[in-house]
Amino acid sequence: MEVSHPRVSKPKRHRSGEQWRAALFLSPSWLLLLLFFFVPTILTFYFAFTNMALTGATAAKTEFIGFENFKYMFQDANFRTSVWNTLIFLIFSAVIGQQVMGFIIAVMMNGRKQWFRSVIGSIVIAGWVAPEVVCAFVWFAFLNDTGTVNTVIESLGMKPIAWLYTFPMVSVIIANIWHGTAFSMMVFQAALGDVPKEVEESAMIDGASAWQRMIRITLPMIMGSVTTNMVLVTLQTLGSFTLIYALTGGGPGMATETLPIYMYHQAFVNYQLGYGTAISLMLLVIGIVASLLYMRMLKVKL
């Protein structure tokens with residue numbers, strides 16, 4: 001007959017000592033989080049409700065002004081323009097551009113030989129690993145008045161085009177797609193690799209075309225990865241600053257001035273730190289709302 005022995009629990013004093021030691025080892029991490037995350041976050045919320053500035057009378061004495069920054073924001077025509085530019089840039093360069101291009105490239109590479117996957121993958125990833133400022137200079141070399149594109153156009157006997165002036169938003173959208181597509185490609189590669197081959201082979205035997213297999217089998221099975229990737233590329237694109245600023249500076253006029261660039265101009269060019277911080281909170285709200293919508297989509301699909 002097997003005799004069960006009662007579990008011997010550690011003394012309460014001993015458990016308390018282990019918890020204190022664990023807390024001691026974790027204290028540097030908590031201190032770093034406190035200094036570089038929690039405190040800046042709290043200050044950001046506070047500064048958004050003040051008239052904090054770098055010059056003028058308010059620079060000497062910052063005052064709490066409540067919702068005045070937000071009232072002015074929604075009356076500011078330039079702010080509305082920057083929101084519209086942000087949505088256009090987000091939808092066409094991230095939600096559509098990067099996802100569609102990443103998916104197409106992943107499908108083309110799926111099931112191919114290793115050397116083909118390595119070559120294509122390396123070419124696409126090269127644009128992703130390059131810093132945004134490098135990507136901006138690369139596309140400036142392509143699209144400026146004496147750049148590669150206009151050189152080719154002139155060689156064909158056509159009149160060159162001032163791309164960065166005539167089509168500024170299209171230019172920054174294409175540059176951002178080129179820069180960020182590799183991430184979506186890798187996400188979709190991993191997702192497509194998890195699709196059971198037996199399911200596709202069964203559909204093929206039943207007479208389903210490649211398009212039908214893609215729409216009715218592959219996409220529903222990787223919808224979780226599609227939605228997750230959409231969240232990630234959306235948040236990355238919402239905060240995109242260097243690429244646009246180095247390529248067009250937000251111009252001409254306000255043609256490419258998205259919220260991050262408008263926030264920068266208000267805070268560090270016009271020296272209105274309180275108003276610039278309020279704009280950053282609106283950018284945060286947009287990111288949260290978009291993420292919640294995507295999470296809702298993911299919940300429904302799953």
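Here are a few exercises on this predicted model, each followed by a worked solution.

**Exercise 1. Find what lines the largest pocket, and sort the lining by class.**

Start with the size: the volume of the largest pocket is about 280 Å³. Next, pick out the lining, which includes Val-107, Asn-110, Lys-197, Glu-200, Arg-213 and Met-214. Now look at where the lining comes from: α10 (197-205) and α11 (210-221) each give at least two residues. Finally, sort by class, and you get 5 nonpolar, 2 polar and 4 charged residues.

**Exercise 2. Do the same for the second largest pocket.**

This time the volume is about 150 Å³. Among the lining residues are Val-95, Phe-103, Phe-188, Trp-211, Met-214 and Ile-215. Two or more of the lining residues come from each of α4 (77-109) and α11. The classes come out as 9 nonpolar, 1 polar and no charged residues. Spotted a familiar name? Met-214 is in the lining of the largest pocket and also in that of the second largest pocket.

**Exercise 3. Decide whether Asn-176 and Ile-286 are buried, partly exposed or exposed.**

Take Asn-176 to begin with; you'll find it in helix α9 (residues 168-193). Its relative accessible area is 0%, and buried means under 20%, so Asn-176 is buried. Its contacts beyond four places in sequence are Phe-89, Ser-93, Gln-98, Thr-237, Ser-240 and Leu-243.

Now move to Ile-286, in helix α15 (residues 273-301). Ile-286 counts as partly exposed because its relative accessibility is 23%, between the cut-offs of 20% and 50%. Leaving out residues up to four places away in sequence, Ile-286 touches Leu-238 and Leu-259. To get a feel for distance, check Gly-274: Ile-286 is 12 residues from it in sequence and 19 Å away in space, C-alpha to C-alpha.

**Exercise 4. Work out how the rings of Phe-49 and Phe-64 are arranged, then try Tyr-245 and Tyr-264.**

The structure has 17 aromatic pairs in total. For Phe-49 and Phe-64, the centres are 6.3 Å apart and the planes make an angle of 25°. Planes under 30 degrees apart count as stacked, so this pair is stacked. Phe-49 is buried at 18% relative accessible area, whereas Phe-64 is exposed at 57%.

For Tyr-245 and Tyr-264, read off 5.3 Å centre to centre and 75° between the planes. An angle over 60 means edge-to-face, so that's the label here. Tyr-245 sits in helix α13 (residues 242-247) and Tyr-264 in helix α14 (residues 259-269), 19 residues apart.

Definitions and conventions. Residues numbered from 1 in each chain as written. Predicted model: local features only at pLDDT ≥ 70, side-chain atom pairs only at ≥ 80, totals over all residues. Heavy atoms only, no water. 1 Å grid on protein atoms, 1.4 Å probe; cavity = no way out; pocket = protein on both sides within 12 Å on 5 of 7 lines; lining within 4 Å. Points joined across faces, edges and corners; volume = space filled by probe spheres on them. Helix = DSSP H or I, 4+ residues; strand = E, 2+ residues; numbered from the N terminus. Nonpolar A, V, L, I, M, F, W, Y, C, P; charged D, E, K, R; others polar. Buried < 20%, exposed > 50% of the residue type's maximum accessible area, 1.4 Å probe, protein only. Contact = heavy atoms within 4.5 Å. Phe/Tyr/Trp six-rings, centres within 6.5 Å; stacked < 30°, edge-to-face > 60°.
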